[in-house]
Amino acid sequence: MNFEDNNTIDRAEYIEKGYIDADDEVAFRRIYEACNIFGHNYKGFFKGGAKHPYRNDVTIWFPKLNSKNWINTLSTDEEYIFERPADANLVKEHMNHHISSDIHKRIVFVYEEDSKGQFKYRFKGEYEIDVQQSAKEKCLIWKRIMKRVETYPPKK
């Protein structure tokens, strides 16, 4: 399936399928569309992350690579995401906040341009903070732990 063609499957089909897989090049035009395959029932959503309605230890994250406020990079093999605030004065506080948090996992949709020049949120997998490597590199390092994650019906 081509990156630009994958919106032919709608939310209900992903929920019925029971999972999404990074190898299937899953992408959405809008954040709320991605959130809704994990049990939300949003009509719109404009934040960079959402709580997972079924899994308390997971956030659904929508990073932009190298934006005005963030220096986020994805390794070429997509196994790691490096996250740090653009403001160097905020790095330590940001790291401490996430490392001390109970939520160390993220389902990740990176904002990327497809071959037709359209930007979409493309699913990369589930990632977990590598605490030791993050402390060593002085930025949050997220290591992919799964390419396939479960989808869920809307929470009632």
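## A tour from the pocket to the cores

Start with the largest pocket, which is lined by 16 residues; select Gly48, Trp61, Phe62, Pro63 and Trp70, the ones that lie nearest its centre. Keep in mind along the way that you are looking at a predicted model. The volume of this pocket is about 310 Å³. Now colour β4 (58–61), β5 (70–74) and α3 (91–100): each of these elements contributes at least two residues to the lining. If you colour the lining by residue type, you will find four nonpolar, eight polar and four charged residues.

**Into helix α3**

Stay with α3 and pick out histidine 94, which lies in this helix. Is histidine 94 buried or exposed? With a relative accessible area of 13%, histidine 94 is buried, because that value falls under the 20% cut-off. Show its surroundings next: setting aside neighbours within four places in sequence, histidine 94 is in contact with Trp70, Glu83, Pro85 and Leu140. Trp70 is a residue you have already selected, as one of those nearest the centre of the largest pocket.

**The largest nonpolar core**

Next, select Ile20, Phe28, Phe38, Phe62, Ile107, Phe109 and Phe123. These are the residues that touch the most other members of the largest nonpolar core, which has 20 residues in total. Four elements, α2 (31–36), β4, β7 (105–113) and β8 (119–129), each supply at least two residues of this core. Which of them gives the largest share? That is α2, with three residues.

Zoom in on isoleucine 20 and show what surrounds this residue. Leaving out residues up to four places away in sequence, isoleucine 20 touches Tyr14, Val26, Ile37, Phe38, Phe109, Phe123, Lys147, Arg148, Val149 and Thr151. There is also a second, separate core of 11 residues, and its members include Trp61, Val110, Leu140 and Trp142. You have met Trp61 before, at the pocket, and Leu140 as a contact of histidine 94.

**Strand β9 and its partners**

Trp142 is a good guide to the sheet. Display β9 (140–146) together with β6 (80–85): the two run antiparallel and are joined by four bridges. Then add β8, which pairs with β9 in the antiparallel sense, also over four bridges. Which residue of β9 is the bridge partner of isoleucine 81? It is tryptophan 142, and tryptophan 142 is the bridge partner of isoleucine 129 as well.

Move to isoleucine 141, found in strand β9. Its relative accessible area is 2%, so isoleucine 141 counts as buried. Its contacts, not counting residues up to four places away in sequence, are Tyr80, Ile81, Phe82, Glu128, Ile129, Asp130, Gln133 and Ser134. Try a distance label from isoleucine 141 to glutamate 83: their C-alpha atoms are 6.4 Å apart in space, although the residues are 58 apart in sequence.

**Two loops to finish**

Most residues other than glycine have a negative phi. The last two stops depart from that pattern. Select glutamate 78, in the loop between β5 and β6, where phi takes a positive value near 65°. Then go to lysine 138, in the loop between α4 (131–137) and β9. Phi of lysine 138 is positive too, near 60°. Is lysine 138 buried or exposed? Lysine 138 is exposed, because its relative accessible area of 56% is over 50%.

How values were computed. Residues numbered from 1 in each chain as written. Predicted model: local features only at pLDDT ≥ 70, side-chain atom pairs only at ≥ 80, totals over all residues. Heavy atoms only, no water. 1 Å grid on protein atoms, 1.4 Å probe; cavity = no way out; pocket = protein on both sides within 12 Å on 5 of 7 lines; lining within 4 Å. Points joined across faces, edges and corners; volume = space filled by probe spheres on them. Nonpolar A, V, L, I, M, F, W, Y, C, P; charged D, E, K, R; others polar. Buried < 20%, exposed > 50% of the residue type's maximum accessible area, 1.4 Å probe, protein only. Core = buried A, V, L, I, M, F, W, Y, C linked by side-chain atoms within 4.5 Å. Contact = heavy atoms within 4.5 Å. Pairing = 2+ DSSP bridges.
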